[in-house]
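User: Could you walk me through this one? I'd like to talk about how its helices pack and how its chains meet.

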Amino acid sequence: MELSRILTQALAELIAPTTAAIALAAIGLNLHFGFTGLLNMGQAGFMLLGAYGFGIATMSGAPFWLALVVALASGALFALILGIPTLQLRGDYLAIVTISAAEIIRMLGRATVFQEWTGGAAGLTGSSFKATFQELSILPAAPERGAFGPLEYVFTGSDSWWTRLFAWAAVLVAVLFVWLLTRSPWGRVLKGIREDEDAVRALGKNVFSYKMQALVLGGMLGSLGGVLYVLPRSVAPDSMGRSLTFFVWTVLLLGGAATLWGPVLGSMLFFAVYMLLRAGMREGLEGVVSSTMVEQIGGMLVGVTLMLLVIFRPQGILGNKKELAFDVR
Amino acid sequence: MTADRPNLATAARRLLATLAAVAIPAMIVATPAMAASAPDAECTPDASTACVVAIVLDGQSNPVPDVGVNISGADFDVDVTTTKEGPASVEVPHVGSYTITLDEATVPDGLFPDATERVVTAQNGIAARSAFRLTTTPPEGAEPTATPTDGQPTDAATDGTVPADEGLGGADTTRGSGPSFGQIWQQFGSGIRFGLLLALASVGISLIYGTTGLSSFSHGEQVTLGAMFGFIGIQWMGLPVWLTLILVMVVCAATGWLQDAAIWAPLRRRGTPVTQMMIVTIGLSLALQYIIQMVIGGRSLRVLPQNPRPLEIAGITLSTASWLSMGAAIVVIGFIAWFLTRTRIGRATRAVSDNTALAAATGINPDLIVRIVWIMSAGFAGLAGMLLAISFGSFNWSLGMLLLLLMFAAVTLGGLGTAFGALLGSLVIGLVVEMSTLIPGMPSDLRYASALVILILVLLVRPQGLLGRAERIG
């Protein structure tokens, strides 16, 4: 009986809105790292900025789609600011600047100076920015709840079928977008940059400009992921720190960088296994370890998994080892 | 067949013995942890806890005991009494505005408060302080003294009470008027202190980068490890501070050796690209971060059990522990400089940094040098972590996360891969971070953002850093 409950929880994670949000952020990161070879270590910063952009725009009265545009624009702007000083330098400078900038965004978010807009360390409460999104719901209002197999949620609300539907639709659109991009001549230039920047330069392409475009597009996808991430919860700056970036990296490398479906598969697998692990530990080790400790052991195992993955199977599940450029240029 | 049995039995016994050997110290370590957290009347701010602290001082800046103070805010209202140790701190449920009211009936006869009511803003991770000053003159004639209202830790330091947890989170104050020379000089001193300790931490990043080309993202956690072992040594095991310092350095150096032996050396032998190793450091950082949380929890911790004693040297007031930490940092940095310029191994290290292939051709064993560099880097980072935790009063598991970005800014400013650049860059970053709070209207919780601004400006103007060579960045 306990087993079936744990399995149901894991199954629920497969389609959870958070899974979709992280998948979207990983798709963005895939555009950076997988296709262009850019080391963005601050994807959580893009996500947090997107969440703030969406939340603050909605709270100042913007309709849903405008708020979404604000979120995407803030991600794009962030990418531009970070890209200009770093993209002409070797890869680790981008990594250093992005990891620092993401941390600074989090600090600015929780600073009391901007408390009026960001809500300080407490963040923005969910009810303050979700109304416009929930009004869009196309799902029936009459029966409030609906079940699909063992999973049952309300149709419209925070943790609802509507959030799930919207989030996964966004993921599918993003996958389609990346598919179209990467099979275009533009996408081939990106892969060329990843493989040999100088060769692409010799062909007369402006490498800096291409890298910048990839950084901006991936960052916008990250911001969109951030919006999806906060739709079922509140905007809390401390939950979107460095660990979140590293989770996105784990998801990407698990599924396979430089593949179309890698980030999606990685995210579903990651969160299902992560839930299975934690729920299993909570049941199996009840009384031995506290629930905080279960979270900590879980986080530690993610770190170890990331290390082992990169060392022993850098191409992930779906990837092709030859397609991966791990060399710093 | 029969021969197998006793073997099996011994194996089982051995396994049990090993398990016991591992488990017993773990339990010993675990018990005081719980004991330590239980009798905690004082509020320690952390990521999810906000504190409000009321300080009552007499004319000589000594704490006044037994004064009743009421702290109230949105659906929150408590009465506290100050003790001889000083401030009355209380954990508040929400961030936001709280009113601290002094109960005038409890003020000792003949003393008059400068105010009876103050408003503070409580924020997670911060102790919002407010001080009431009792003077012998009635309020009408009282001059407006520079009381540390709203709690600015560094300000409070000039008033003679070094706050207990001048944490890295910093408090939030917006200054109205321009700073005085005394404040500038005080912040300069704090900046040098921070710079020296940062230098000790970041020299490792630079050495590792120089010899292996790897930007180690787990270096921040190496710093936290030092603070954690320092806390364990002093608070749990009751060791003297000097012994703990040495032990922390040894244990942290051992983690560096272990890492290189278990992870980095095999990866280098396999010819793993540096980017791949960089992502491995990310995984390591994540794992270490959660291990540290598992050991010390999510709260802010104080390494030294005593309250800090202020000491004024040349017009700068810092805690005695801070001055001693600065002294220790200068000694160790001097040792590093001597090591790199005057010893054979140190010169070999710089040779490997300059050109690994050429160094190998002249008979230097790069693997040995890299091993030594990892050991040194981890040891110094650990020492820096403990000294930082001592000088700033408290630390928590996220200490390294914050320091990592300051360290990267410092080594980039100085020139990635140059050890002396890391020293120079750290001093500049330390000064800028501490002195940026002097800018009128600059809230002190944004001071770390100045490091990012420097980082971006350096990359735009002189990406090789102050002491770097242009060819490294290509």
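Analyst: Sure, what follows is a set of questions and answers on this predicted model.

User: Let's start with chain A as a whole. Which radius of gyration does chain A have, set against a compact globule of 329 residues?
Analyst: Along the principal axes, the C-alpha atoms of chain A fill a box of roughly 60 × 45 × 40 Å. For 329 residues, the rule for a compact globule gives a radius of gyration near 20 Å. Chain A agrees with that rule, as its own value is 20 Å.

User: How many helices and how many strands are there in chain A?
Analyst: Helix is what turns up in two of the spans that the unreviewed UniProt entry annotates as "transmembrane region", 165-182 and 212-232 of chain A. Residues 165-182 of chain A are 100% helix and 0% strand, while residues 212-232 of chain A are 90% helix and 0% strand. For chain A as a whole, the count is 14 helices and 2 strands.

User: How far apart are the end C-alpha atoms of residues 212-232 of chain A?
Analyst: For residues 165-182 of chain A, the end C-alpha atoms lie 26 Å apart. For residues 212-232 of chain A, the distance between the end C-alpha atoms is 31 Å.

User: Now a helix pair in chain A. Are H12(A) and H13(A) roughly parallel or roughly perpendicular?
Analyst: Helix H12 (residues 242-255) of chain A packs against helix H13 (residues 262-284) of chain A with the axes 7 Å apart and an angle of about 115°. Angles of 65 to 115 degrees fall in one class, so H12(A) and H13(A) are roughly perpendicular.

User: How many charged residues are there in the contact of H12(A) with H13(A)?
Analyst: The H12(A) side includes Thr250(A), Val251(A) and Leu252(A), and the residues met in H13(A) include Gly262(A), Pro263(A) and Phe270(A). Sorted by class, the contact of H12(A) with H13(A) has 8 nonpolar and 5 polar residues, and the charged ones number none: no charged residues.

User: Over to chain B. What does the unreviewed UniProt entry list residues 191-211 of chain B as?
Analyst: In the model, residues 191-211 of chain B are 100% helix and 0% strand, with end C-alpha atoms 29 Å apart. Residues 445-462 of chain B, also on the list, are 72% helix and 0% strand, with end C-alpha atoms 28 Å apart. The name the UniProt record gives for both spans is "transmembrane region".

User: Is the crossing of H3(B) and H7(B) left-handed or right-handed?
Analyst: Helix H3 (residues 181-212) of chain B and helix H7 (residues 320-342) of chain B have axes 9 Å apart, at an angle of about 40°. They are therefore oblique to each other. Where H3(B) passes H7(B), the crossing is left-handed.

User: How many nonpolar residues does the contact of H3(B) with H7(B) have?
Analyst: Among the residues H3(B) brings are Arg193(B), Leu196(B) and Val203(B), and those they meet in H7(B) include Ser322(B), Met326(B) and Ile336(B). By class, 2 are polar and 1 is charged, and the nonpolar residues number 11.

User: How about H4(B) and H11(B): left-handed or right-handed?
Analyst: The axes of helix H4 (residues 219-236) of chain B and helix H11 (residues 399-414) of chain B come within 7 Å and cross at roughly 130°. That makes H4(B) oblique to H11(B). The contact includes His219(B) and Ala227(B) in H4(B), with Leu399(B) and Met407(B) among those in H11(B). The crossing of H4(B) and H11(B) is right-handed.

User: Last one: which helix gives the largest share of the side of chain B that touches chain A?
Analyst: Each chain puts 44 residues into the contact. On the side of chain B, helix H6 (274-296), H11 and helix H13 (449-461) each supply at least two residues. By class, that side has 31 nonpolar, 11 polar and 2 charged residues. The largest share, 15 residues, comes from H6(B).

How values were computed
Residues are numbered from 1 along each chain as its sequence is written. Chains are lettered from A and ligands numbered from 1 in the order in which they are written. This is a predicted model: local features need pLDDT of at least 70, side-chain atom pairs count only at pLDDT 80 or more; totals for chains, interfaces and linings use all residues. Axes are lines fitted to C-alpha atoms, for helices over the stretch in contact, and angles run from 0 to 180 degrees between N-to-C directions. Helices (H or I, at least four residues) and strands (E, at least two) are DSSP runs, numbered from the N terminus. Angles under 35 degrees count as roughly parallel, over 145 as roughly antiparallel, 65 to 115 as roughly perpendicular and the rest as oblique. A crossing is left-handed if the near helix is turned anticlockwise from the far one by less than a right angle, and right-handed if clockwise. Two residues are in contact if their C-beta atoms, placed from the backbone, lie within 7 Å. Ala, Val, Leu, Ile, Met, Phe, Trp, Tyr, Cys and Pro count as nonpolar, Asp, Glu, Lys and Arg as charged, and the others, Gly among them, as polar. UniProt positions are given in the numbering used here, feature names are shortened, and annotations may be inferred rather than shown by experiment. The radius of gyration is taken over C-alpha atoms; the globule rule is 2.2 Å times the number of residues to the power 0.38.
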